[in-house]
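I opened the notebook to record what I looked up in this structure. The entries are short and follow the order in which I worked.

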Amino acid sequence: METKVIQFDNTYAHYARAGEGEQSVIILHGWAASLRQWEWFLPILAHAGYYAYAVDLLGHGEAPPLSQDHTIQDYLDHMRRWMEALEIRQPIFIGHSMGGYLSLQYALDNPGAVRGLVLVDPLYNYHQFDKYHQHARRLLGKPEMLKVGEFVYRLAPAWLFEAGQNWGPSDINRAPAPLRQQAARDHKRADPHIIQTIAVIGDLSPHLTQVSAPTLVTWGCQDQLLSPDSFETLVDLLPAAQGHRFEDACHHPHLVSTKVFSELALSFLNRLEDDNLKAATASTG
């Protein structure tokens, strides 16, 4: 799929888009990924009548690099300026993992500005991490360990990332070969400063009752990175949420169950459109 670059405020964004519908849908990938892992879904959204976008987050894919002392706000500011440059308003967000965190934070920062949310194994609380990432988060809070982490990440070869897909319980190794290879490439080309992001993830839990946008939360019941129980909790915390479990999936249900995920997401999006149409008709009647 052809991608585009747009310049703004002395920086730029790298993104893809498809469709010509009135409703914009923005896809936000996860940590150490890129828009390329979602480009298969853009034509599906476009065919369904949506104006679909996928964007590389800072430090990922072909986006600008991150500073070592970055915060989550840096990701959000870059995303917001990109949306303003393209005049995207009232979007629906589809966010995987860290992309889910950013979707929720954007909805919290901009009440009423998000039409809906589709969250896939979303991160929203650092307590969701497995023991390894909990320990890594504590270590990376120390400047000297952060430099070591970035150094190791920078030197790791691409084949190591691909081989790592087969270590421990994972579902990425069941994804089609092009998606597996893309995931490995995305890890290798990511800015090593993304290591710092693990240390600056906060806890959105106390604020989630303020997210009024209709939300679909989907997750893999075998997720080894984030606690599967935490997704049930998220559905309970959000005022207008529904959940769907992928029993045999881990952290990437959208890549290993593409057909089921597509049908589920489109059904939710179409219900949103129907509800909006009914509300508009009622207000004018």
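My entries below go from the strands to the cores, then to the surface and the salt bridges.

**Entry 1: strand β5**

I noted at the start that this is a predicted model. I began with strand β5, residues 92-96. I asked how many of the residues of β5 are buried. Five of the five are, so the strand is largely enclosed by the rest of the structure.

I then checked which way the side chains point. In a regular strand the side chains alternate between the two faces of the sheet. Ile 92, Ile 94 and His 96 point one way from β5. Phe 93 and Gly 95 point the other way. Residues on both sides are buried.

**Entry 2: the partners of β5**

I looked up which strands pair with β5. Strand β3, residues 24-28, is joined to β5 by four bridges, and the two run parallel. Here Val 25 has Ile 92 as its bridge partner in β5. Strand β6, residues 116-120, is joined to β5 by five bridges, again in parallel. His 96 stands opposite Val 120 of β6.

**Entry 3: strand β3**

I moved on to β3. Five of its five residues are buried, so β3 is also largely enclosed by the rest of the structure. Ser 24, Ile 26 and Leu 28 lie on one side, and Val 25 and Ile 27 on the other. Both faces are covered.

β3 also pairs with β4, through five bridges, and these strands run parallel. In β4, Val 25 is partnered by Ala 52. Val 25 therefore has a bridge partner in β5 as well as in β4, given that bridges are what DSSP finds between paired strands.

**Entry 4: Trp 38**

I wanted to know where Trp 38 sits. It is in the loop between β3 and α1, which spans 42-47. Is Trp 38 buried or exposed? Its relative accessible area is 1%, under the 20% cut-off, so Trp 38 is buried.

I listed its contacts, leaving aside neighbours within four places in sequence. Trp 38 touches Ile 27, Leu 28, His 29, Ile 94, His 96, Val 120, His 254 and Phe 261. I also took one distance. The C-alpha atoms of Trp 38 and Ile 194 are 20 Å apart, with their positions 156 residues apart along the chain.

**Entry 5: the nonpolar cores**

In soluble globular proteins, nonpolar side chains tend to be buried together. I looked for such groups here. The largest nonpolar core has 55 residues. Those with the most contacts inside it are Tyr 75, Trp 82, Phe 93, Leu 104, Leu 117 and Leu 208. Helix α3, residues 98-109, gives the most to this core, with seven residues.

I followed up Phe 93, again without neighbours within four places in sequence. Its contacts include Ile 26, Leu 28, Met 79, Met 83, Tyr 106, Val 114, Leu 117 and Val 118. Ser 103 and Gly 116 are also in contact with Phe 93. A second, separate core has 25 residues, among them Ala 16, Phe 41, Ala 52 and Phe 268.

**Entry 6: a surface patch**

I turned to the outside. Val 148, Phe 151, Val 152 and Leu 155 form a nonpolar patch on the surface. Together they have about 400 Å² of accessible area. Phe 151 lies in helix α5, residues 143-155. At 49% relative accessibility, Phe 151 counts as partly exposed.

**Entry 7: salt bridges**

I counted nine salt bridges in the structure. Which residues are linked in a network? They are Glu 62, Asp 186 and Arg 189.

The side chains of Glu 62 and Arg 189 meet at 3.9 Å, N to O. Glu 62 lies in the loop between β4 and α2, and Arg 189 in helix α7, so the pair ties together parts 127 residues apart in sequence. Glu 62 is partly exposed at 37%, and Arg 189 is partly exposed at 33%.

Arg 189 also bridges to Asp 186, with the closest N and O atoms 2.9 Å apart. These two are three residues apart in helix α7, about one helical turn. Asp 186 is buried, with a relative accessible area of 0%.

My last check was Arg 245 and Glu 232, which form a salt bridge at 3.7 Å, N to O. Arg 245 is in strand β8 and Glu 232 in helix α9, 13 residues apart. Arg 245 is partly exposed at 42%, and Glu 232 is partly exposed at 36%.

Definitions and conventions. Residues numbered from 1 in each chain as written. Predicted model: local features only at pLDDT ≥ 70, side-chain atom pairs only at ≥ 80, totals over all residues. Heavy atoms only, no water. Core = buried A, V, L, I, M, F, W, Y, C linked by side-chain atoms within 4.5 Å. Buried < 20%, exposed > 50% of the residue type's maximum accessible area, 1.4 Å probe, protein only. Contact = heavy atoms within 4.5 Å. Patch = residues over 30% accessible without salt bridge, like charges linked within 9 Å, V, L, I, M, F, W, Y side chains within 5 Å. Areas by Shrake-Rupley, 256 points an atom, 1.4 Å probe, with all protein chains shown as cover. Salt bridge = Lys/Arg side-chain N within 4 Å of Asp/Glu carboxyl O.
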